[in-house]
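Work through the exercises below with the sequence and the model open. Each task is followed by a solution in steps.

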Amino acid sequence: MQPVVLIITVLAMAAIAAVFAWAIWAPPGAVDPERAERWRIRTIVALTLAGVVLAAMTLVPWPHAPQAGPTPGIVVHARGYQWYWELDRDTVPAGTPVTFLASTADVTHGFGVADPQGRLLFQVQVIPGYVSRVDWTFDRPGTYRVICLEYCGIAHHEMMGQLTVQPGV
Ligand SMILES: [Cu+2]
């Protein structure tokens, strides 16, 4: 997805640069002011419509249906505190579905898990009074980091835990 966004952005920037270059170097009198005004209005209307349609399209998948039903495998309860995570188990096997049920004892936190290379696998907002659920199956064994991705106070950056994924059976 990111390469597509990059290509679209570069093409749009090139188009804008071309318009600016043309506006700068066009010979005097090359533009009929009335025709330019018509094009300006059409362009603004078309871009506005395109923006509304594109923005609406990005909202189609939301809201997600709440995950419900039986948990598929291992359940890990994760509870956030200022400023640490408490997991009721810190070791899970690879290849087995894991359901994280995350909650908070104080303020809003962001429960996130990063792989051994530091790449974020998932994150979910953890809001007081609610239990947030993430279903995840770890492919590879290793030492994963549990992090907080919602600023939650002065020591937010130190709110890290660890999850060990062992080779599956
Ligand atoms: Cu935090």
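**Exercise 1. Pro93**

Task: Classify Pro93 as buried, partly exposed or exposed from its relative accessibility, then place Pro93 in its strand and list its contacts distant in sequence.

Solution. The model is a predicted one.

Step 1. The relative accessibility of Pro93 is 22%. Buried requires under 20% and exposed over 50%, so Pro93 counts as partly exposed.

Step 2. Pro93 belongs to strand 3, which covers residues 91–93.

Step 3. With residues up to four places away in sequence set aside, Pro93 touches Ile74, Val165, Gln166 and Gly168.

Step 4. For a distance check, take Ala23: 70 residues separate Ala23 from Pro93 in sequence, and their C-alpha atoms are 62 Å apart.

**Exercise 2. The sheet that contains strand 3**

Task: Which strands form this open sheet, and in what order?

Solution.

Step 1. The sheet has five strands in the order 3-9-8-5-6, with mixed pairing.

Step 2. Strand 3 and strand 6 are the edge strands, each paired on one side only. From one strand to the next, the twist averages 25°.

Step 3. Strand 3 pairs with strand 9 (residues 160–166) in the parallel sense, over three bridges. Thr91 has Thr164 of strand 9 as its bridge partner.

**Exercise 3. The sheet of four strands**

Task: Find the edge strands of the sheet with the order 2-1-4-7 and describe how strand 1 pairs with strand 2 and with strand 4.

Solution.

Step 1. This open sheet has four strands and mixed pairing. Strand 2 (84–87) and strand 7 (132–137) each have a single partner strand, so they stand at the edges and one side of each lacks a neighbour in the sheet. The twist averages 25° from one strand to the next.

Step 2. Strand 1 (residues 74–81) pairs with strand 2 in the antiparallel sense over four bridges, and a hairpin of two residues joins strand 1 to strand 2. Arg79 stands opposite Glu86 in strand 2.

Step 3. Strand 1 runs parallel to strand 4 (residues 97–104), and seven bridges join the two strands. Opposite Val76 is Phe100 in strand 4.

**Exercise 4. Asp115**

Task: Is Asp115 buried or exposed, and what surrounds it?

Solution.

Step 1. Asp115 lies in the loop between strand 5 (109–114) and strand 6 (120–126).

Step 2. Its relative accessible area is 9%, and the cut-off for buried is under 20%; Asp115 is therefore buried.

Step 3. A polar atom of the Asp115 side chain lies 2.9 Å from the backbone nitrogen of Gln117.

Step 4. Leaving out neighbours within four places in sequence, Asp115 is in contact with Leu121, Thr143 and Tyr144.

**Exercise 5. The copper ion**

Task: Name the protein donors of the copper ion and assign the geometry of their arrangement.

Solution.

Step 1. The protein donors are Cys148 (SG), Glu150 (O), Cys152 (SG) and His156 (ND1), at 1.9 to 2.5 Å from the copper ion.

Step 2. The spacing of these donor residues in sequence is C-x1-E-x1-C-x3-H.

Step 3. The four donor atoms subtend angles of 86 to 122° around the copper ion. Four donors count as tetrahedral if all angles lie between 85 and 135 degrees, so the arrangement is tetrahedral. For comparison, the ideal angle for four tetrahedral donors is 109.5 degrees.

Step 4. As for accessibility, both Cys148 and Cys152 are buried.

Definitions and conventions: Residues are numbered from 1 along each chain as its sequence is written. This is a predicted model: local features need pLDDT of at least 70, side-chain atom pairs count only at pLDDT 80 or more; totals for chains, interfaces and linings use all residues. Side-chain values use heavy atoms; hydrogens and water are left out. Donors are N, O and S atoms within 2.8 Å of the metal (3.2 Å for Na, K and Ca); water is not among the atoms, so sites may look incomplete. Four donors count as tetrahedral if all angles lie between 85 and 135 degrees; four count as square planar and six as octahedral if opposite donors are over 155 degrees apart and all others between 65 and 115; anything else is irregular. Buried means under 20% relative accessible area, exposed over 50%, partly exposed in between (1.4 Å probe, protein chains only). Two strands pair if DSSP finds at least two bridges between them. Axes are lines fitted to C-alpha atoms, for helices over the stretch in contact, and angles run from 0 to 180 degrees between N-to-C directions. A polar contact is a pair of N or O atoms within 3.5 Å; within protein, one must be able to donate a hydrogen and the other to accept it, and residues adjacent in sequence count only if both atoms are side-chain atoms. Contact means heavy atoms within 4.5 Å.
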